[in-house]
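Got your viewer open? Here is a short tour that tells you what to select at each stop and what you will find there.

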Amino acid sequence: MEAALAEAEAAARAGDVPVGCVVAKDGAIIARGRNRREALNDPTAHAEMLALREAANALGTWRLTGCTVVVTLEPCAMCAGALVLARVDRLVIGSADPKAGACGSLYDIPSDPRLNHRVPTVRGILEVDCGNVLRRFFQARRA
């Protein structure tokens, strides 16, 4: 989670909402992502989407079996769907997102039994730190 937090901080410095993500396999980080919607003018440039894309390139396959995704903020519906489609083995979340979270807050896409794959999820890892990065970013925006 500390590596994901570093990505979130980098996103904040670049003016993007501070969400960071890493993908690990066999105990090593194979991909990193941070929100880059503003930088790329791309509504799909969420930290998770960019990290999943990088992980798939690193492994040479879209099937990310054996991978753990660690993200500072609960994924939205788009990202949660991508995690399921990529066949990720595990998801680790820092802060919940009661407004847009699709991994237990508004929806629970990774656990939906109607889908062909389920992603076990661990929530609340460094939750306070992950939430503080977001709070500081939005407080500065409002000031």
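In which sense, left-handed or right-handed, does H3 pass H4? To find out, select both helices, and keep in mind that this is a predicted model.

**Stop 1: H3 and H4**

H3 covers residues 47-59 and H4 covers residues 77-85. Look at how one goes past the other: H3 passes H4 in a left-handed crossing. Now show the side chains where the two helices touch. On the H3 side you'll see Glu48, Met49 and Leu52, and on the H4 side Met78, Cys79, Ala82 and Leu83. Colour this contact by residue class and you get 6 nonpolar, no polar and 1 charged.

Two packed helices are described by the angle between their axes and the distance between the axes. For this pair, the axes come within 9 Å and cross at roughly 25°. Angles under 35 degrees count as roughly parallel, and H3 and H4 are therefore roughly parallel to each other.

**Stop 2: inside and just past H4**

Stay on H4 and pick out its buried residues: Cys79, Ala80, Gly81, Ala82, Leu83 and Val84. What covers them? Switch the neighbours back on, and the cover for these buried residues of H4 includes H3, S3 and S4.

Next, step along the chain to Arg87, in the loop between H4 and S4. Most residues other than glycine have a negative phi, and most peptide bonds are trans. Arg87 goes the other way on phi, with a positive value near 65°. Show the surface here, and you'll find Arg87 partly exposed, with a relative accessible area of 22%.

**Stop 3: the sheet**

Time to select the strands. There are 5 of them in an open sheet with mixed pairing, and reading across, the order is S2-S1-S3-S4-S5. Which strands stand at the edges? They are S2 (28-34) and S5 (121-122), and each has a single partner strand, so one side of each is left without a neighbour in the sheet.

Before you zoom in on the pairs, a reminder: strands of a sheet pair through backbone hydrogen bonds, either parallel or antiparallel.

Start with S1 and S2. They pair in the antiparallel sense over 6 bridges, and one bridge to click on links Lys25 with Ala28 in S2. The hairpin they form has 2 residues between the strands, and here Asp26 takes a positive phi near 55°. While you're at it, check how covered S1 (residues 20-25) is: 5 of its 6 residues are buried.

Move to the other neighbour of S1. S1 and S3 run antiparallel and are joined by 5 bridges. Select Val23, and its bridge partner in S3 is Val69.

Then slide over to S3 (residues 67-73) and S4 (residues 90-95). How do these two run, parallel or antiparallel? They run parallel, with 5 bridges between them. Two pairs are worth labelling here: Val70 has Val92 as its bridge partner in S4, and Thr68 has Arg90. S4 is mostly covered too, with 5 of its 6 residues buried.

**Stop 4: H5 on the sheet**

Add H5 (residues 127-142) to the view. H5 packs on the sheet and touches S3 and S4, and its direction makes about 60° with that of S4.

On the way from the sheet to this helix, pause at Leu126, in the loop between S5 and H5. Leu126 is not a glycine, yet it has a positive phi of about 50°. Its relative accessibility is 33%, which counts as partly exposed.

**Stop 5: H1 alongside H5**

For the last stop, keep H5 on screen and bring in H1 (residues 2-13). What angle do they pack at? It is about 0°, with the axes 10 Å apart. H1 and H5 are therefore roughly parallel to each other.

Show the side chains between them. From H1 come Leu5, Ala8, Glu9 and Ala12, which meet Asp129, Cys130, Val133, Arg136 and Phe137 in H5. An α-helix has 3.6 residues a turn, so residues three or four places apart point the same way. Colour the contact of H1 with H5 by class, and it has 6 nonpolar, no polar and 3 charged residues.

Technical notes: Residues numbered from 1 in each chain as written. Predicted model: local features only at pLDDT ≥ 70, side-chain atom pairs only at ≥ 80, totals over all residues. Heavy atoms only, no water. Axes fitted to C-alpha atoms, helices over the stretch in contact; angles between N-to-C directions. Helix = DSSP H or I, 4+ residues; strand = E, 2+ residues; numbered from the N terminus. Parallel < 35°, antiparallel > 145°, perpendicular 65-115°, else oblique. Left-handed = near helix turned anticlockwise from the far one by under 90°. Contact = heavy atoms within 4.5 Å. Nonpolar A, V, L, I, M, F, W, Y, C, P; charged D, E, K, R; others polar. Pairing = 2+ DSSP bridges. Buried < 20%, exposed > 50% of the residue type's maximum accessible area, 1.4 Å probe, protein only.
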